[in-house]
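Colleague: Before I use the labels on this model, I would like to hear the reasoning behind them. Take them one at a time, please.

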Amino acid sequence: MKSKILFVLCLLAGLMFINAGLDKFFHYMPVPKDMPEKMVKAGMAFAEIGWLMPLVGAIEILGGLLLIFSRTRALGAIVILPVLTGILLANISMAPAGLPIVFALIAIVLWVIIDNREKYLPMIRK
């Protein structure tokens, strides 16, 4: 049962990351009307750096895809962790209303990391 719940959560989180990554390339989601002005300005500043948003979008798509499949889930969690850290810091400093979703995504990724900790151990052992 635990594996089925984790699969559903990883599927949902993976699809959220894939959607966010695809939006960075195709811009199909409108900017919410109630988004804080600081966050809109930060997004426009990041868009000025031509390579940054495509890089983040590609990492979100890759991490989301890896998160969905159980064989690559451990790698997906590590790939998506830096992006998730940036999302957390942005929401803390500019849009605290988005924190519940961020905390849910962090909980899912941490569950994946803890569940796959034996796969990470060879990287830190002597």
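Modeller: The model is predicted. One place to begin is His27, which is exposed, with a relative accessible area of 62%.

Colleague: What makes His27 exposed?

Modeller: Exposed means over 50% relative accessible area. His27 has 62%, so the label applies. His27 sits in the loop between α1 and α2 (37–48).

Colleague: What is notable about the phi of His27?

Modeller: The phi of His27 is positive, about 50°, although His27 is not a glycine. Most residues other than glycine have a negative phi.

Colleague: Why is Lys41 called exposed or buried?

Modeller: The relative accessible area of Lys41 is 53%, and the cut-off for exposed is over 50%, so Lys41 is exposed. Lys41 belongs to helix α2. From Lys41 to Gly14 the separation is 27 residues in sequence and 27 Å in space, C-alpha to C-alpha.

Colleague: And why is Lys2 called partly exposed?

Modeller: Partly exposed covers what lies between buried, under 20%, and exposed, over 50%. Lys2 has a relative accessible area of 48%, so it is partly exposed. Lys2 is in helix α1. Neighbours within four places in sequence aside, Lys2 is in contact with Trp111 and Asp115.

Colleague: How do you know whether Glu60 is buried or exposed?

Modeller: Buried requires under 20% relative accessible area. The value for Glu60 is 3%, so Glu60 is buried. Glu60 lies in helix α3 (residues 52–68).

Colleague: Which residues does Glu60 touch?

Modeller: Not counting residues up to four places away in sequence, Glu60 touches Phe17, Ile18, Ala20, Gly21, Lys24, Ile80, Val83 and Ile87. A touch here means heavy atoms within 4.5 Å.

Colleague: What makes a set of residues a nonpolar core?

Modeller: The members must be buried, come from the listed residue types such as Ala, Val, Leu, Phe and Cys, and be joined through side-chain atoms within 4.5 Å. The largest such core here has 19 residues, and Cys10, Phe17, Leu67, Ala77, Leu84, Val109 and Val112 touch the most other members. Two or more residues come from each of α1 (2–26), α4 (73–94) and α5 (99–115). The most come from α5, with eight residues.

Colleague: Which residues is Leu84 in contact with?

Modeller: With neighbours within four places in sequence left out, the contacts of Leu84 are Phe17, Leu105, Ile106 and Val109.

Colleague: How many helices and strands does the chain have?

Modeller: The chain has six helices and zero strands. From the N terminus on, the order is α-α-α-α-α-α.

Colleague: Why is the chain called as compact as a globular protein of its length?

Modeller: The globule rule gives 14 Å for 126 residues, and the radius of gyration of the chain is 15 Å; the two are close, so the chain is as compact as a globular protein of that length. Along its principal axes the C-alpha trace spans about 45 × 30 × 25 Å.

Colleague: What share of the contacts joins residues at least 24 apart?

Modeller: Among contacts between residues at least 6 apart in sequence, the share is 69%. Buried residues make up 33% of the 126 residues.

Colleague: What about the surface and the charges?

Modeller: The accessible surface comes to about 8300 Å², and carbon and sulfur atoms hold 75% of that. There are 12 positive and 7 negative charges, with mean positions 13 Å apart.

Conventions: Residues numbered from 1 in each chain as written. Predicted model: local features only at pLDDT ≥ 70, side-chain atom pairs only at ≥ 80, totals over all residues. Heavy atoms only, no water. Buried < 20%, exposed > 50% of the residue type's maximum accessible area, 1.4 Å probe, protein only. Helix = DSSP H or I, 4+ residues; strand = E, 2+ residues; numbered from the N terminus. Rg over C-alpha atoms; globule rule 2.2 N^0.38 Å. Areas by Shrake-Rupley, 256 points an atom, 1.4 Å probe, with all protein chains shown as cover. Lys, Arg positive; Asp, Glu negative; His and termini not counted. Charge placed at Lys NZ, Arg CZ, Asp CG, Glu CD.
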